[in-house]
Amino acid sequence: MEELKDKISTCLESGLLRCIISNPHKKDSISKIKIRQVMIGGEVKYQATEYVGTKVIHKNFSESEIASYIFEKISVEFKQCEILTNEWVYHILVSKKGKITVNKKASKADKITAIKSQCTLEHNRKKNYIIEEGSNAPFMQELGVFTSEGKIVHKKYDKYKQINRFLEFIRDVEKELPRDREIRIIDFGCGKSYLTFAMYYYLHDMCDRDVRITGLDLKKDVIETCNRLSERYGYSKLKFKLGDIADYEGNGEDVDMVVTLHACDTATDYALYKAVKWNTKVILSVPCCQHELNRQVKNDVMSPILSYGILKDRFAAIMTDAIRAEMLKVKGYDADILEFIDMEHTPKNLLIRAVKNEKQHGDYEKLKELTGSFHAVPTIMTLFKDA
């Protein structure tokens, strides 16, 4: 097998970009291995992803270790290997009798560029995550995002990215929150509370801020579970309550930030109304299920678009969120509509971010003109009519 070891070393001389090891001898063990470059602690490593049934196992190797790992797998467990380098694509075949066949062809420049670009993006993305893999964040394990060893659960990777993207928004507005007293936050429609726990962890544990968060939801079992977890982690100022957004009164005089994530249809409007009524400094809202205007909008000029159900639905959703953002401007907020997470993960990927600014003045008359032209009466405008 020294011949095989030498051939693998030769293959890697021009720089390993990607490797796929396949066709195992045993069908009940590792079915495939993919190897790629990753950046860990500012150092280039090679990550081997082993697929065992439904499990995915990650192992990291240095440049000096990766050749031995590939040799071990090819010489014992697998019959086939493809190695892509900066110059060549190698196909290695090992027969049952141990005969080694190596074929090579020149690497395509566009393919190399694409893989290198992907690697660079992966490196940057990992470095920019606020809660890094392996962080001591117990709720990430409890909620199934991390394994007990602190590794990202493969099926929860989208949720991991969503949590970190949300924390980027929190980081951006953290300077707007008070430093001379306790920060008070209301999370309307908190659900299973991935993001509520992440928000508390970031502000309390990572930023050392004095923060109190109240999560509100309609599901009793979810509220009970979240309160148990909060108590277990010692999060004394993270509480969850049962209640409806529209009916919730509470003591909103000193609420510094209102968060509403995927509150369905007009529930978002009631949450925004409460926030403005309380003179809340910061509002973060991810609207969901914007059905109200879909039932209302009518416009002869736009009929070629509105006659198609899916286009009408998207148009109504965009119009709804634009009206919400503009109404917040009318009420003295700097408002933006930003991308939350990629469209491949969820179609509900827009976040409204609003920060109180008394110098901001929106144009209410233009809003009335817009809604009137579509025969629409949005709840957000009705709530604010006399406010």
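**Figure 1. The lining of the largest cavity in this predicted model combines nonpolar, polar and charged residues.** By class, three of the lining residues are nonpolar, two are polar and three are charged. The residues concerned are Asp269, Glu292, Leu293, Thr320, Arg324, Pro378, Thr379 and Ile380. Two or more lining residues come from each of the elements α9 (292-296), α11 (309-330) and α13 (379-384). The space inside the largest cavity amounts to about 30 Å³, and the structure holds one cavity of 30 Å³ or more.

**Figure 2. Helix α8 is largely enclosed by the rest of the structure.** The helix spans residues 267-277, and eight of its eleven residues are buried. These buried residues are Thr268, Asp269, Ala271, Leu272, Tyr273, Lys274, Ala275 and Val276. Asp269 also belongs to the lining of the largest cavity. Just after α8 comes asparagine 279, whose phi is positive, at about 60°.

**Figure 3. Phe139, Phe166 and Met257 touch the most other members of the largest nonpolar core.** This core contains 50 residues. Helix α6 (residues 194-206) makes the greatest contribution to it, namely nine residues. Apart from this core lies another, of 35 residues, which includes Tyr248, Val258, Ala316 and Leu367. In soluble globular proteins, nonpolar side chains tend to be buried together.

**Figure 4. The surroundings of methionine 257 bring together residues from several parts of the sequence.** When neighbours within four places in sequence are left aside, methionine 257 is in contact with Ile170, Val173, Leu177, Arg184, Ile185, Ile186 and Met199. Further contacts of methionine 257 are made with Thr280, Val282 and Leu284.

**Figure 5. Phenylalanine 374 is a buried residue of a loop.** The loop in question runs between α12 (364-373) and α13. Phenylalanine 374 has a relative accessible area of 6%, which is under 20%, and therefore counts as buried. Not counting residues up to four places away in sequence, phenylalanine 374 touches Gln296, Val297, Lys298, Asn299, Met302, Leu306, Phe315 and Met319. The C-alpha atoms of phenylalanine 374 and valine 301 are separated by 10.0 Å, and the two residues are 73 residues apart along the chain.

**Figure 6. Histidine 375 is an exposed residue with a positive phi.** Histidine 375 lies in the loop between α12 and α13, where phenylalanine 374 is also found. The relative accessibility of histidine 375 is 57%, so this residue counts as exposed, whereas phenylalanine 374 is buried. The phi of histidine 375 is near 55°, a positive value in a residue other than glycine.

**Figure 7. Arginine 353 is a buried residue of strand β14.** The strand comprises residues 350-356. Arginine 353 counts as buried because its relative accessibility of 18% falls under 20%. Beyond residues up to four places away in sequence, arginine 353 touches Asp172, Val173, Ile283, Leu284, Asp334, Ala335, Asp336 and Leu338. Of these partners, Val173 and Leu284 are also in contact with methionine 257.

**Figure 8. Asparagine 60 is a partly exposed residue of strand β4.** Strand β4 covers residues 55-61. With a relative accessibility of 35%, asparagine 60 counts as partly exposed. Asparagine 60 touches Val38, Ile40, Tyr46, Gln47 and Glu65, residues up to four places away in sequence not being counted. From C-alpha to C-alpha, asparagine 60 and alanine 48 are 6.2 Å apart in space, and they are twelve residues apart in sequence.

**Figure 9. Asparagine 23 has a positive phi within strand β1.** The phi of asparagine 23 is near 60°, a positive value in a residue other than glycine. Strand β1 extends over residues 16-24. Asparagine 23 is partly exposed, with a relative accessible area of 32%.

**Figure 10. The protein chain places the close-up views in context.** The chain contains 13 helices and 14 strands. Of its 387 residues, 46% are buried. The accessible surface of the chain comes to about 20,200 Å², and 49% of this surface belongs to carbon and sulfur atoms. Among contacts between residues at least 6 apart in sequence, 65% join residues at least 24 apart.

How values were computed:
Residues are numbered from 1 along each chain as its sequence is written. This is a predicted model: local features need pLDDT of at least 70, side-chain atom pairs count only at pLDDT 80 or more; totals for chains, interfaces and linings use all residues. Side-chain values use heavy atoms; hydrogens and water are left out. On a 1 Å grid over the protein atoms alone, a cavity is a set of points where a 1.4 Å probe fits but cannot get out, and a pocket is an open set with protein on both sides within 12 Å along at least five of seven lines; lining residues have an atom within 4 Å of a point. Grid points are joined across faces, edges and corners, and a volume is the space filled by probe spheres set on the points. Helices (H or I, at least four residues) and strands (E, at least two) are DSSP runs, numbered from the N terminus. Ala, Val, Leu, Ile, Met, Phe, Trp, Tyr, Cys and Pro count as nonpolar, Asp, Glu, Lys and Arg as charged, and the others, Gly among them, as polar. Buried means under 20% relative accessible area, exposed over 50%, partly exposed in between (1.4 Å probe, protein chains only). Contact means heavy atoms within 4.5 Å. Accessible areas come from the Shrake-Rupley method with a 1.4 Å probe; for residues, only the protein chains shown count as cover. A nonpolar core is a set of buried Ala, Val, Leu, Ile, Met, Phe, Trp, Tyr and Cys residues joined through side-chain atoms within 4.5 Å.
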